[in-house]
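Dear colleague,

I am handing over the structure we talked about, and below it you will find what I noticed when going through it. Please keep it open beside this message as you read.

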Amino acid sequence: MPSIAALLVATSSRAVTAFSTRSVAPQVVARALTARHVSSGSMPYDDDKMPIYALGLNIGMQISQQTDFKNLLEEDELEILLAGFSDCVKGEETVNPMEVLQKFGPEVNQLLRERMEGIMDKVKKDGADYIDGFVECNDDAVKTDSGLVYYSMKDGDGASPVVEDEVEVHYHGTLTDGTVFDSSVDRGATIKFKLGQVIKGWQEGLSMMKEGGKATLVIPPGLAYGDAGSGGAVPPGATLKFEVELFKVNP
């Protein structure tokens with residue numbers, strides 16, 4: 001899951017291109033494996049084979065963080081995708097890969113673009129419905145002109161931050177379905193950062209708080225990561241919910 005660094009302002013758009021027919025120089029990508037919150041148990045292979053399995057997991061994680069194929073493709077389509085990947089890795093292609101890309105690459109790009117747009121439209125609608133429901137169920141919730149929803153859980157009595165200030169906070173971030181995508185609370189450590197370096201929903205929401213306060217922020221995509229999303233943790237067009245506790249404001 002992304003750390004607070006992932007709250008930095010995201011790009012407003014992302015090109016969807018699955019294939020290019022140009023030659024690409026091979027690169028060796030070294031990226032640390034990130035542990036998921038899954039139950040521990042027996043490993044699928046003997047210890048001497050697990051490093052190879054870990055390599056496969058690492059490649060799969062990198063691909064999944066770029067494109068959410070699990071939700072974009074049907075089960076039988078995933079099997080075909082994996083067959084193409086396997087044939088390429090093993091050198092067992094029955095057709096010339098470049099000919100396949102030249103012929104079908106544009107169609108695949110169009111297919112992925114249409115499906116991503118369909119998923120994003122649904123995510124945005126679900127987010128808008130969630131905001132309406134949250135405001136309806138919480139009489140003290142305030143929806144600002146920007147679309148941010150602010151709900152005070154505990155009033156503070158100290159200073160309110162401005163974008164130039166450094167703040168120290170605890171936060172717990174979830175999607176509207178309750179999925180936790182980032183949480184300093186779960187990590188057991190507060191975090192400090194410049195308020196002007198994070199997404200607009202945080203800038204506006206924390207400026208409404210005072211030291212010692214705690215609030216829920218429901219942030220629409222336009223004030224969060226927009227149509228780009230954030231890696232594999234925050235889908236494109238997602239509405240986010242944060243519980244934030246403001247401990248300190250440092251001018």
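The bend at a residue is the angle between two axes, one fitted to the seven residues that end there and the other to the seven that start there. In this model, which is predicted, helix α4 (residues 97-137) bends by about 55° at Phe104, and a proline, Pro106, follows within four residues. At the N-terminal end of α4, Asn96 acts as a cap, with a side-chain oxygen 2.9 Å from the backbone nitrogen of Met98. Several residues of α4 are buried, among them Gly105, Leu112, Met120 and Phe134, and the buried residues of this helix pack against α2, β1, β2, β6 and β7.

Strand β7 (residues 240-250) also holds Val249, which is buried, with a relative accessible area of 7%. Leaving aside residues up to four places away in sequence, Val249 touches Ala159, Pro161, Asp165, Glu166, Val167 and Glu211. The C-alpha atoms of Val249 and Val169 are 9.2 Å apart, although 80 residues separate them along the chain.

Turning to the aromatic rings, the count comes to 8 aromatic pairs. One of them is formed by Tyr171 and Trp202, edge-to-face, with 5.4 Å from centre to centre and 80° between the planes. Because Tyr171 lies in strand β3 and Trp202 in helix α6, this pair ties together parts that are 31 residues apart in sequence. Both Tyr171 and Trp202 are buried, and ring pairs link them with Phe181, Phe193 and Phe242 into a cluster.

With best wishes

Key:
Residues are numbered from 1 along each chain as its sequence is written. This is a predicted model: local features need pLDDT of at least 70, side-chain atom pairs count only at pLDDT 80 or more; totals for chains, interfaces and linings use all residues. Side-chain values use heavy atoms; hydrogens and water are left out. Helices (H or I, at least four residues) and strands (E, at least two) are DSSP runs, numbered from the N terminus. Buried means under 20% relative accessible area, exposed over 50%, partly exposed in between (1.4 Å probe, protein chains only). Contact means heavy atoms within 4.5 Å. Rings of Phe, Tyr and Trp (its six-membered ring) pair if their centres lie within 6.5 Å; planes under 30 degrees apart count as stacked, over 60 as edge-to-face and the rest as tilted. A polar contact is a pair of N or O atoms within 3.5 Å; within protein, one must be able to donate a hydrogen and the other to accept it, and residues adjacent in sequence count only if both atoms are side-chain atoms.
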